[in-house]
Amino acid sequence: MKTLVEFIWEQQEKMGKATGEFSRLLNDIGIAAKIVNRDVNRAGLAEVLGYEGTTNVQGESQKKLDVIANNEFIKALRNGKQCAAIVSEENDEVVVFDEKITENAKYIVAIDPLDGSSNIEVNVPIGTIFAVYKRKSLGKTITTEDVLQAGTELVCGGYIIYGSSTMLVYTTGDGVNGFTYDPTCGLFILSHENMKIKDDGNIYSINEANYIYFPEGVKRYIKHCQEDDPETRRPYTTRYIGSLISDFHRNLLRGGIYIYPGTKKNPAGKLRLLYECVPVAFIAEQAGAKASDGYRRILDIQPEHIHQRSPLFIGSKSMVEEAERMMSEFSPEFLDEYQRAEKS
Ligand code: P6P
């Protein structure tokens, strides 16, 4: 039995000259995850269901647990003193900690504290998604370059899924490992070592209710998934939970593709680049899979603003590549439309 803390220290020793600061930051995330897990698991009992009565920058009404989770992660990262600033789905602006912290803290965290929170009341698994970057600047002042970094600069990408069991899954660029939370002892235990996504899955995950607004390439790919071809295990199976982390986690374990494309109404799609697409894209690539916006590698996209949206095609490599082929063949023009939207 290896705990998350033991694993983090082992990884740190492998890195030789590590100072322990990143290990401390990752442990801080683990502490907040345990507290959020407790609140999520007793949501129906602890009067934390329902709406806060506020709306976030997404224009989404904030649920009480969204705000509670956001506050828990901000508090844990502030107390740990390794993080200088946070980009959060729940905050319009960057949360910059006071100078006593920023003058020494080396990291920036981008986080969706509780993705899919609209599923809380119906007991569908939800998740926290986080990305950790190293600051470009030094000293007390946080710069735009610190918070608008491409995914290729990522130090760590991870998520916590609050489901039938609670798991923390992350990568620092040396493979993907999953830790299952044991509430009887309050520890995350290594349960899924060196996770890999099957190259040829047979599950596709997309909200087909938006079909008429999809680019032609997406429509063609959906029809491709539904064709009768036993040799390639088609028709595939469709699964769509409405919770990115739940759909992605299933595909990580069983193979498959998740697509949230841009549409004629919303060319840049719905998902946020910094704290939804990039962290899972880093994990996908480390697990031998692929993540793009239908045309470009997610990790290569240079963010223009902190709440920028991006389409997401992610999962088994051969499935993503097939979808990308159809986007290039049948919707080549869509990239320009979407790039204009992402700058707005
Ligand atoms: P739709 C949750 O709001 C989320 O950001 C993802 O977790 C999920 O996959 C997607 O949106 C669901 O969106 O438009 O299909 O309801």
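## Ligand site and two open sheets

A polar backbone atom of L244 sits 2.7 Å from an oxygen atom of the ligand. The protein covers 80% of the 400 Å² of accessible area that the ligand has on its own. Bear in mind as you read on that this is a predicted model. Besides the ligand site, there is an open sheet of five strands and an open sheet of eight strands.

**Around the ligand**

- The residues surrounding the ligand are D115, G116, N207, Y240, G242, S243, L244, Y258, Y260, K270, L271 and E276.
- Sorted by class, this shell holds five nonpolar, four polar and three charged residues.
- Y258 places a polar side-chain atom 2.7 Å from an oxygen atom of the ligand.
- For K270, a polar side-chain atom is 2.9 Å from an oxygen atom of the ligand.

**The five-stranded sheet**

- The strand order here is β12-β11-β13-β15-β14, and the pairing is mixed.
- β12 (237-238) and β14 (290-292) are the edge strands, each with a single partner, so one side of each has no neighbour in the sheet.
- Four bridges link β13 (residues 257-260) and β15 (residues 312-315), which pair in the antiparallel sense.
- Y258, which also belongs to the ligand's surroundings, has I314 in β15 as its bridge partner.
- Helix α6 (residues 216-226) packs on this sheet and touches β11 (203-205), β13 and β15, with its direction at about 150° to that of β11.
- Helix α8 (residues 273-286) lies across β14 and β15 and runs at about 30° to β15.

**The eight-stranded sheet**

- Reading across this sheet gives β4-β3-β5-β6-β7-β8-β9-β10, again with mixed pairing.
- Its edges are β4 (95-96) and β10, and each has a single partner strand, so one side of each is left without a neighbour in the sheet.
- β8 (residues 166-171) runs antiparallel to β9, joined by five bridges, and L168 has F179 in β9 as its bridge partner.
- Helix α2 (residues 21-41) packs on the sheet, touching β3 (83-88), β5 (107-115), β6 (126-134), β7 (154-162), β8, β9 and β10, and its direction makes about 15° with that of β7.
- Helix α1 (residues 4-14) lies across β8, β9 and β10, at about 5° to β8.

**The β9-β10 hairpin**

- β9 (residues 176-182) and β10 (residues 187-192) pair in the antiparallel sense over five bridges, with T180 opposite I189 in β10.
- Four residues separate the two strands of this hairpin, where G186 takes a positive phi near 70°.

Methods. Residues are numbered from 1 along each chain as its sequence is written. Side-chain values use heavy atoms; hydrogens and water are left out. Two strands pair if DSSP finds at least two bridges between them. Contact means heavy atoms within 4.5 Å. Axes are lines fitted to C-alpha atoms, for helices over the stretch in contact, and angles run from 0 to 180 degrees between N-to-C directions. A residue is near a molecule or strand if one of its heavy atoms lies within 4 Å of it. A polar contact is a pair of N or O atoms within 3.5 Å; within protein, one must be able to donate a hydrogen and the other to accept it, and residues adjacent in sequence count only if both atoms are side-chain atoms. Accessible areas come from the Shrake-Rupley method with a 1.4 Å probe; for residues, only the protein chains shown count as cover. Ala, Val, Leu, Ile, Met, Phe, Trp, Tyr, Cys and Pro count as nonpolar, Asp, Glu, Lys and Arg as charged, and the others, Gly among them, as polar.
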